[in-house]
Amino acid sequence: MTEQDRTNRDWFNQLYAEQYPLLYNHACWYLKNLGITGGLTEELAHDGVQLTFSAAWQRVESLREMAWVNAWLFRVLRNKLSDLIREELRLYGLRQRLEAAQPGAEEDGLAEVDFRLLLAQHLTPEEQELMQRIYLNGERPADLCREMGLKRSALSMRLRRIREKLKKYLD
């Protein structure tokens, strides 16, 4: 590792340590103001901040020279959150289309059954359970992490992969 690489890594680690709490709190506030509640707020906020820092790492040298690094981070965070929200809306939109296609589906729970069938056709049993617990039961990802003995980043990665599988189907 060169001296420049070490300097970049140290600068980035300091930036991460200082800015992560601010970006995470801002993301939670932003999502709640948009009406997103429950465990998804925390999950989307965490994912948004991680994606923001991933983008920052790819531009670490140019960021070190930038005067307004914080403004750049917050702008990228908003863009990443918008992308994540769009992905989530696809899942909710699918559920709404299922409900609309079946008169009385809300009362009978048929849309939920169809959603479970969709999950069963495209996901493993473990993935199905995870999606049902978050999207149908409204459980908080932080609680699932504790129960499953997973780090938050591991659960986020699992959810991202599951959403990618479903996205292929929805597209």
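Reader: What share of the residues in the protein chain is buried?
Author: Happy to start there, and please keep in mind that this is a predicted model. A residue is called buried when its relative accessible area is under 20%. The protein chain has 171 residues, and the buried ones make up 41%.

Reader: How many helices and how many strands does the protein chain have?
Author: Following the chain from the N terminus, the elements run α-α-α-α-α-α-α-α-α. The secondary structure therefore comes to 0 strands and 9 helices.

Reader: What percentage of the contacts with a separation of 6 or more joins residues 24 or more positions apart?
Author: Here we look at contacts in the protein chain whose partners have a separation of 6 or more. Among these contacts, residues 24 or more positions apart account for 67%.

Reader: How much area does the protein chain expose, and what part of it do carbon and sulfur atoms supply?
Author: The exposed area of the protein chain is about 10,000 Å². Of that area, the part supplied by carbon and sulfur atoms is 51%.

Reader: Let's turn to one residue. Is H26 buried or exposed?
Author: You will find H26 in helix α1, which covers residues 3–33. Its relative accessible area is 18%. The cut-off for a buried residue is under 20%, so H26 counts as buried.

Reader: Which residues does H26 touch, not counting residues up to four places away in sequence?
Author: Leaving out residues up to four places away in sequence, H26 has these partners to look for in the structure. They are F74, L77 and R78.

Reader: Why is α7 said to be largely enclosed by the rest of the structure?
Author: Helix α7 has 12 residues and reaches 15 Å from its first C-alpha to its last, close to the 16 Å expected. Its buried residues include L130, M131 and I134. The helix is largely enclosed because the buried residues number 9 of the 12.

Reader: At what angle do α7 and α8 pack?
Author: Helix α7 spans residues 125–136 and helix α8 spans residues 141–148. Their axes are 10 Å apart, and the crossing is right-handed. The two helices pack at an angle of about 145°.

Reader: How many nonpolar, polar and charged residues does the contact of α7 with α8 have?
Author: From α7 the contact uses L130, R133 and I134, and from α8 it uses P141, L144, E147 and M148. Sorted by class, that contact has 5 nonpolar, no polar and 2 charged residues.

Reader: Which residue with a positive phi follows α7?
Author: After α7 comes a residue whose phi is near 70°. That residue is G138.

Notes
Residues are numbered from 1 along each chain as its sequence is written. This is a predicted model: local features need pLDDT of at least 70, side-chain atom pairs count only at pLDDT 80 or more; totals for chains, interfaces and linings use all residues. Side-chain values use heavy atoms; hydrogens and water are left out. Axes are lines fitted to C-alpha atoms, for helices over the stretch in contact, and angles run from 0 to 180 degrees between N-to-C directions. Helices (H or I, at least four residues) and strands (E, at least two) are DSSP runs, numbered from the N terminus. A crossing is left-handed if the near helix is turned anticlockwise from the far one by less than a right angle, and right-handed if clockwise. Contact means heavy atoms within 4.5 Å. Ala, Val, Leu, Ile, Met, Phe, Trp, Tyr, Cys and Pro count as nonpolar, Asp, Glu, Lys and Arg as charged, and the others, Gly among them, as polar. The expected span of a helix is 1.5 Å times one less than its number of residues. Buried means under 20% relative accessible area, exposed over 50%, partly exposed in between (1.4 Å probe, protein chains only). Accessible areas come from the Shrake-Rupley method with a 1.4 Å probe; for residues, only the protein chains shown count as cover.
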